Amino acid sequence: METKVEKSEIESDLCTAFEIAIFRGYLDVAKLLATAGCSVGKVGLWVETQDVPQPLHDNSELLHWLLDMMYRQKTLKHLSRAVIRGCLGYDILKAAIKLPFPSLLIDYITLGELENI
């Protein structure tokens, strides 16, 4: 299901990849981005101002999942992954493979769990 959004509307709000996926109706992509660590903070603002984009409004299950993800306390494991990924730079996969870590940890750092979504 694709929702038409004017390019100027997206550019004027300086949307993130997550927000563009929501506006365009690519909810599976939005869920992958959220799982990968993209900020979902805008969801709370949308709910607060009662301005939830239509594709997300039509999928209350995903909306509740995102709100839960937004307010859920992050684990040390999750925070550590975010810090390590931030230190690795742009080509995370290439850099992570060079780390002296077990393959299970490399898989976690490189978001290997996304392959199962």
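The largest pocket in this predicted model is lined by 15 residues, and those nearest its centre are Ala34, Met69, Arg72, Lys74 and His78. Three elements each give two or more residues to this lining, namely helix 3 (27–35), helix 6 (60–71) and helix 7 (76–88). The volume of the pocket is about 270 Å³. Sorted by class, its lining consists of five nonpolar, six polar and four charged residues.

The protein chain that holds this pocket contains nine helices and zero strands. Its pattern, read along the sequence, is accordingly written α-α-α-α-α-α-α-α-α. The chain has 117 residues, and 32% of them count as buried. About 8100 Å² of the protein chain is exposed, with carbon and sulfur atoms supplying 57% of that area. When contacts between residues at least 6 apart in sequence are considered, 49% of them join residues at least 24 apart.

Helix 2 was examined for its buried positions. Phe18, Glu19, Ala21, Ile22 and Phe23 are buried in this helix. The cover over these buried residues includes helix 3, helix 4, helix 5 (54–57) and helix 6. Two of the covering elements, helix 3 and helix 6, also give residues to the lining of the largest pocket. An α-helix has 3.6 residues a turn, so residues three or four places apart point the same way. On the side that follows helix 2 in sequence stands Gly25, which has a positive phi near 85°. On the preceding side, Thr16 belongs to the loop between helix 1 (7–12) and helix 2. Thr16 is partly exposed, and its relative accessible area is 36%. The C-alpha atom of Thr16 lies 8.6 Å from that of Cys38, although 22 residues separate the two along the chain.

Three salt bridges are found in a search of the whole structure. One of them joins the side chains of Glu19 and Lys42, with an N to O distance of 3.6 Å. This salt bridge links distant parts of the chain, since Glu19 is in helix 2 (residues 17–24) and Lys42 is in helix 4 (residues 41–48), 23 residues apart. The two partners differ in their cover. Glu19 counts as buried because its relative accessibility, 8%, is under 20%. Lys42, in contrast, has a relative accessible area of 28% and is partly exposed. With neighbours within four places in sequence left aside, the contacts of Glu19 are Lys42 and Trp46. The salt-bridge partner Lys42 is therefore also one of the residues in contact with Glu19.

A second salt bridge is formed by Asp68 and Arg72, whose closest N and O atoms are 2.7 Å apart. Both partners are partly exposed: Asp68 has a relative accessibility of 42%, and Arg72 has a relative accessible area of 40%. Arg72 is also among the residues that lie nearest the centre of the largest pocket.

The third salt bridge is between Arg81 and Glu113, and here the closest N and O atoms are 2.7 Å apart. Distant parts of the chain are again linked, with Arg81 in helix 7 and Glu113 in the segment after helix 9 (103–109), 32 residues apart. Arg81 has a relative accessibility of 6% and counts as buried, because this value is under 20%. Glu113, at 28% relative accessibility, counts as partly exposed. Apart from residues up to four places away in sequence, Arg81 touches Thr35, Tyr108, Ile109, Leu111 and Glu113. Helix 7, the place of Arg81, is also one of the elements that give two or more residues to the lining of the largest pocket.

Key: Residues numbered from 1 in each chain as written. Predicted model: local features only at pLDDT ≥ 70, side-chain atom pairs only at ≥ 80, totals over all residues. Heavy atoms only, no water. 1 Å grid on protein atoms, 1.4 Å probe; cavity = no way out; pocket = protein on both sides within 12 Å on 5 of 7 lines; lining within 4 Å. Points joined across faces, edges and corners; volume = space filled by probe spheres on them. Helix = DSSP H or I, 4+ residues; strand = E, 2+ residues; numbered from the N terminus. Nonpolar A, V, L, I, M, F, W, Y, C, P; charged D, E, K, R; others polar. Buried < 20%, exposed > 50% of the residue type's maximum accessible area, 1.4 Å probe, protein only. Contact = heavy atoms within 4.5 Å. Areas by Shrake-Rupley, 256 points an atom, 1.4 Å probe, with all protein chains shown as cover. Salt bridge = Lys/Arg side-chain N within 4 Å of Asp/Glu carboxyl O.
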